[in-house]
Amino acid sequence: MHLLNLGILAHVDAGKTSLTERLLHRVGITDEIGSVDAGTTRTDTLALERRRGITIKAAVVSFQVGDTTVNLIDTPGHPDFIAEVERALGVLDGAVLVVSAVEGVQAQTRVLMRTLRRLGIPTLVFVNKIDRRGARPDAVLRAIAERLTPAVVATGRVTAPGTRSADVVPGLGRDALDVLADHDDALLAAYVEGTGAVTPGRLRAALAGASRRALVHPVFFGSAVTGAGVDALVDGLTELLPPAGGDPAGPVSATVFKVERGPAGEKVACARVFSGTLRVRDRVPFGTAGREGRITALSVFDHGTDVRAEEVPAGRIARLWGLPDLRIGDPVGVARRGGEHHFAPPTLETVVVPAPGTDRRSLHVALTRLAEQDPLIALRHDEVRGETSVSLYGEVQKEVLQATLADEHGVEVTFRGTTPLCVERPAGSGAAVEFNGADDNPFLATVGLRVDPAPPGSGVGFALEVELGSMPYAFFKAVRDTVHETLAQGLHGWRVTDCAVTMTHCGYSPRQSHAHQGFDKSMSSTGHDFRGLTPLVLTQALRRAGTRVHEPMHRFRLEAPADTLGALLPLLSRLRAVPQATRTHGATCVLEGTVPAARVHALEQHLPALTRGEGELESAFDHYAPVAPGTTVPERPRTDHNPLNRKEYLLNVTHRVDR
């Protein structure tokens with residue numbers, strides 16, 4: 001039996017959930033085709049998904065095509081839920097990218113295709129909605145070649161596009177030979193010798209080989225509503241995409257891509273098994289902290305449902321019970337290489353405001369569970385103000401979060417305005433030291449630290465200029481860990497990054513005891529002393545170095561009618577967007593540049609009115625840039641004991657104040 005883990009991806013409203021429903025009906029999993037508009041789809045199971053007609057959570061459903069079991073993953077199309085797409089990409093053997101024959105290539109289509117090509121995931125393109133009025137299959141095929149990749153091969157041609165009788169005539173044209181010959185030397189030789197030597201079967205075999213290696217992308221045409229062209233796509237899944245690999249006898253290696261809660265509130269993890277075999281009652285390592293647990297139950301997706309299994313071999317997707325601390329992205333068994341994020345993290349933040357009468361404990365539990373299911377929703381608790389902030393991709397995600405809290409957890413909330421998630425970087429170098437035994441140092445520890453700037457993107461480095469054996473390793477570890485914790489909030493309250501922290505001084509009081517008595521804490525250093533002193537020294541060094549606040553910037557690509565350029569430029573100026581390249585293609589103008597992340601939503605809102613609804617915006621996080629001169633430096637309220645205020649800090653940490 002062969003396996004294929006398949007993802008369906010698309011820009012929102014391209015019809016991928018409708019295509020999923022058509023595929024399930026075509027292979028006999030469902031008797032009736034679910035409708036997005038009617039809220040009867042098989043994969044959109046959340047009440048909110050059915051109401052809004054959009055996919056929010058990735059869903060898995062299994063079906064059989066010949067001797068191949070296909071695990072189909074329906075993923076969200078809206079960019080606010082890109083984290084769901086990211087997790088799906090890590091478990092795929094192949095993908096189907098859906099493009100509308102009416103709207104054509106859209107912003108999210110380009111983002112997804114770039115990522116699929118970069119990761120080398122074999123991809124079929126399905127041009128949907130050929131039956132809709134305004135369908136332009138030939139023009140869309142040209143746009144795919146121009147804007148996504150030139151390595152595309154049409155597998156048929158459309159008859160009567162834009163009508164209910166639209167259909168597809170299968171067959172590879174002359175263009176297929178030109179594209180495939182670039183990737184197949186034998187085919188090229190046969191082509192040079194004479195076109196008669198290249199039979200349709202030889203051409204189809206070359207297409208299968210190039211497609212499975214992600215060198216060429218076959219393009220199918222059809223309609224998820226009428227079913228036209230869907231049979232050819234189903235046949236192409238097993239012919240043109242590679243089956244799942246992995247050695248069932250090898251070391252166990254799986255990756256968690258989804259976490260959900262069962263009927264009893266238990267945590268259930270969905271994981272792709274890349275190597276080895278998972279078995280019930282096996283003890284397996286998981287996560288990144290060396291934890292270990294026993295698998296209490298397993299299930300696999302099979303023929304439209306999931307069934308319990310005693311073991312799950314490599315290549316399959318499993319649901320796991322018994323590992324309660326699992327988080328999305330965690331390895332089970334041996335960690336795989338290349339598990340890095342494929343998309344930028346969220347760059348926006350908002351404060352959750354509970355409605356009057358809302359139980360704050362219930363809100364905290366609900367938010368924590370949502371964060372478990374989406375690791376890019378970072379929670380930040382401010383105990384002093386009793387507030388919780390969440391990180392976001394955009395405004396739609398905020399609406400969905402609000403509805404999810406109400407529907408699934410019975411918690412009513414609103415939100416404050418969305419603000420950008422800034423970072424701080426050192427402006428220079430600074431050093432500080434506090435010595436054990438000094439009058440104003442209440443801790444039995446000596447800590448000296450120097451902060452230096454580091455290249456953008458390098459994160460936080462920690463090094464020693466003192467001998468590692470000059471004090472117990474546990475004290476060095478306490479300093480290092482506390483440095484990372486303290487840098488979560490800089491001089492302006494933002495995370496400090498791209499810096500090198502060096503420990504320049506150290507010292508401690510050795511273990512002391514009285515005759516015939518035990519350990520005397522008042523005379524001996526502990527890890528608490530180093531954890532307590534490090535924030536004071538580090539913030540003093542940061543003050544001397546100085547920090548600059550950097551805001552997140554998006555790189556944008558804006559395509560609009562050329563005659564609307566005069567109206568767009570003043571808007572871009574007001575939003576502090578900086579066009580860096582302008583190109584005109586006939587009646588279309590393309591602008592590329594940067595814009596602050598906080599202004600992207602406003603640009604999206606104003607764009608339709610200024611471009612007669614024809615403007616198309618594509619944006620993604622690009623870099624952090626210093627806050628513009630003359631603007632107010634954004635401050636973020638602190639949630640720690642505030643080592644910037646020595647008196648307040650010591651009062652909270654040691655319950656005393658230095659004179």
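Contact here means that heavy atoms lie within 4.5 Å. The exercises below concern a predicted model.

**Exercise 1. Determine the surroundings of Thr388: which element holds it, is it buried or exposed, and which residues does it touch?**

Solution.
1. Locate the residue: Thr388 belongs to strand β22, which spans residues 387-392.
2. Classify its accessibility. The relative accessible area of Thr388 is 13%, and the cut-off for buried is under 20%. Thr388 is therefore buried.
3. List the contacts, setting aside neighbours within four places in sequence. Thr388 then touches Thr350, Val351, Val352, Leu367, Leu379, Arg380 and His381.
4. Look for a polar contact among the side chains. The side chains of Thr388 and His381 are joined by one of 3.0 Å.

**Exercise 2. Describe strand β25: which way do its residues point, and which strands does it pair with?**

Solution.
1. Begin with the general pattern: side chains in a regular strand alternate between the two faces of the sheet.
2. Apply this to β25, residues 423-426. Val423 and Arg425 point one way, whereas Glu424 and Pro426 point the other way.
3. Add accessibility: all of these residues are buried.
4. Identify the parallel partner. Strand β29 (residues 495-496) runs parallel to β25 and is joined to it by two bridges. Within β29, Arg495 is the bridge partner of Val423.
5. Identify the antiparallel partner. Strand β31 (residues 547-561) runs antiparallel to β25, with four bridges between them. Within β31, Arg548 is the bridge partner of Arg425.

**Exercise 3. Characterise the nonpolar surface patch that includes Leu464, and explain why Leu464 counts as partly exposed.**

Solution.
1. Name the members: the patch is formed by Leu464, Leu468 and Tyr473.
2. State its area: together these residues have about 290 Å² of accessible area.
3. Place Leu464 in the fold: this residue lies in strand β28, residues 460-464.
4. Apply the cut-offs. Buried requires under 20% relative accessible area and exposed requires over 50%. Leu464 has 34%, so it counts as partly exposed.

**Exercise 4. Summarise the whole protein: how many helices and strands does it have, what share of its residues is buried, and how much area does it expose?**

Solution.
1. Count the elements: there are 16 helices and 34 strands.
2. Consider burial: 53% of the 659 residues count as buried.
3. Consider separation in sequence. Among contacts with a separation of 6 or more, 72% come from residues 24 or more positions apart.
4. Consider the surface: the protein exposes about 29100 Å², of which carbon and sulfur atoms supply 51%.

Technical notes. Residues numbered from 1 in each chain as written. Predicted model: local features only at pLDDT ≥ 70, side-chain atom pairs only at ≥ 80, totals over all residues. Heavy atoms only, no water. Buried < 20%, exposed > 50% of the residue type's maximum accessible area, 1.4 Å probe, protein only. Pairing = 2+ DSSP bridges. Areas by Shrake-Rupley, 256 points an atom, 1.4 Å probe, with all protein chains shown as cover. Polar contact = N/O pair within 3.5 Å; in protein donor to acceptor, adjacent residues only side chain to side chain. Patch = residues over 30% accessible without salt bridge, like charges linked within 9 Å, V, L, I, M, F, W, Y side chains within 5 Å. Salt bridge = Lys/Arg side-chain N within 4 Å of Asp/Glu carboxyl O.
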